[in-house]
Amino acid sequence: MTLEILATVAIAFCLLIGAIFSLVGSIGLLKFNDSMTRLHAPTKVGTVGVGALLLASLIHAYTFGEGSMHEVLIMAFLFVTAPISANFIAKVNIHRRSCVSPPSPPRDDTWSTLNVPQADLEIVESK
Amino acid sequence: MVKAFRWLLPHPFLTILLTAVWVLLQNNVSTGMVVFGLILGVIIPRITAVWWPDRPRGFRFGRMIPYVLLVIWDILVANVQVAWIVLTRPNDKLRPAWVVIPLELRQPEAISILAGTITLTPGTVSADLSDEGHSLLVHALDADDPDAVRDQIKERYERRLIGIFA
């Protein structure tokens, strides 16, 4: 009995944390005015926000029903895929010149995103 | 014998990972499921072995566990910091900056883990790699001193990854 009460409190706490971080992430997405800084907000929602919601689901499943480990998988896949999507959005931002241009790398010629044929660069600049 | 083992299990870690993912997907730890997972874990690395000719040789699994725990802790701390910045800092007082990190890591797997770590710890997003792979471009949300961010990433994550992939 007391275990169920404790679990309920833990679930509520995790849901609250997840909801707060999701809210802050959305506020950040709206508030920032540059596309690169805006990218920082969703990476936050993707980690602690979703992580806390999944933890709540995990505790609920183990206390009140059939235990399920799918949440662990969701979290693992999310942690693997979130950086990739953020990386792609960052690359698009660099290409579209919608942010301050990055400094050139110290040891190599250029960043691999900008390492494209001259003709392709002119397409972007003519837009 | 060793050769046959190498042929059958070109990537033992991938075999374990695939088996674990299969069992978790089925949500059912029974002998049948584990055996089927092992069959998948042997077949998939075997038939895809052609596409990764130079996988990392030394991978110290024992050092990976403290690294993962450290990253999870950093994610929690950095989340609170960035949430505070989002809620309290006006836009014009924000100092976003590009940070260039010269890399000592050479293995592609190690660099992707480093880039993933940098993106997951909020406040920094890894954006690009230089064309020869010698430096990593990172965008920091609020950095007074980009050099300090660079040194922290090198000291905290890259040094440990060098130890893991040595």
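# A briefing on chains A and B

In chain B, the UniProt record (an unreviewed entry) places the feature "transmembrane region" at residues 7-25, 31-52 and 64-87. For chain A, the record, again unreviewed, lists a "transmembrane region" at residues 6-30, 42-60 and 72-90. Keep in mind as you look around that this is a predicted model. Below is a short tour, with a longer stop at the helix α4 of chain A.

**The annotated stretches**

- In chain B, residues 7-25 are 84% helix and 0% strand, and the C-alpha atoms at the two ends are 27 Å apart.
- Residues 31-52 of chain B are 82% helix and 0% strand, with 31 Å between the end C-alpha atoms.
- Turning to chain A, residues 42-60 are 100% helix with 0% strand, and 26 Å separates the end C-alpha atoms.
- Residues 72-90 of chain A are likewise 100% helix and 0% strand, and here the end C-alpha atoms lie 28 Å apart.

**Chain A as a whole**

- Chain A contains five helices and zero strands, so its elements read α-α-α-α-α when you start from the N terminus.
- Chain A has 127 residues, and 28% of them count as buried.
- Take the contacts in chain A with a separation of 6 or more: 59% of them join residues 24 or more positions apart.

**Chain B in two domains**

- Chain B is split into domain 1, covering 2-51, and domain 2, covering 61-164.
- Between the C-alpha centres of domain 1 and domain 2 of chain B there are 32 Å.

**Where the chains meet**

- On chain A, 42 residues are in contact with 36 residues of chain B.
- Four helices of chain A, namely α1 (2-31), α2 (35-38), α3 (40-64) and α4 (70-96), each bring at least two residues to the side that touches chain B.
- Which helix gives the most to that side of chain A? The answer is α4(A), with 11 residues.
- By residue type, the side of chain A that touches chain B has 22 nonpolar, 13 polar and seven charged residues.

**A closer look at α4(A)**

- How does the span of α4(A) fit its 27 residues? At 1.5 Å a residue, α4(A) should span 39 Å, and its end C-alpha atoms are 38 Å apart, which agrees.
- There is a bend in α4(A) of about 25° at Thr81(A), and a proline, Pro83(A), follows within four residues.
- Pro83(A) is also one of the buried residues of α4(A); the others are Glu71(A), Phe79(A), Ala86(A), Asn87(A), Ala90(A) and Ile94(A).
- What do these buried residues of α4(A) pack against? Within chain A their partners are α2 and α3, and in chain B they are α5 (108-120), β2 (124-129) and β3 (135-140).
- After α4(A) comes Arg97(A), which has a positive phi, near 55°.

**Leu114(A), a residue in a loop**

- Leu114(A) sits in the loop between α4 and α5 (118-126) of chain A.
- Why does Leu114(A) count as partly exposed? Leu114(A) has 17 other C-beta atoms within 10 Å, and a residue needs 20 or more to be buried but 12 or fewer to be exposed, so Leu114(A) falls in between.
- Leu114(A) and Lys91(A) are 23 residues apart in sequence, and their C-alpha atoms are 8.9 Å apart in space.

How values were computed: Residues are numbered from 1 along each chain as its sequence is written. Chains are lettered from A and ligands numbered from 1 in the order in which they are written. This is a predicted model: local features need pLDDT of at least 70, side-chain atom pairs count only at pLDDT 80 or more; totals for chains, interfaces and linings use all residues. UniProt positions are given in the numbering used here, feature names are shortened, and annotations may be inferred rather than shown by experiment. Two residues are in contact if their C-beta atoms, placed from the backbone, lie within 7 Å. Ala, Val, Leu, Ile, Met, Phe, Trp, Tyr, Cys and Pro count as nonpolar, Asp, Glu, Lys and Arg as charged, and the others, Gly among them, as polar. The expected span of a helix is 1.5 Å times one less than its number of residues. The bend at a residue is the angle between axes fitted to the seven residues ending there and the seven starting there. Domain bounds come from an automatic or database domain assignment.
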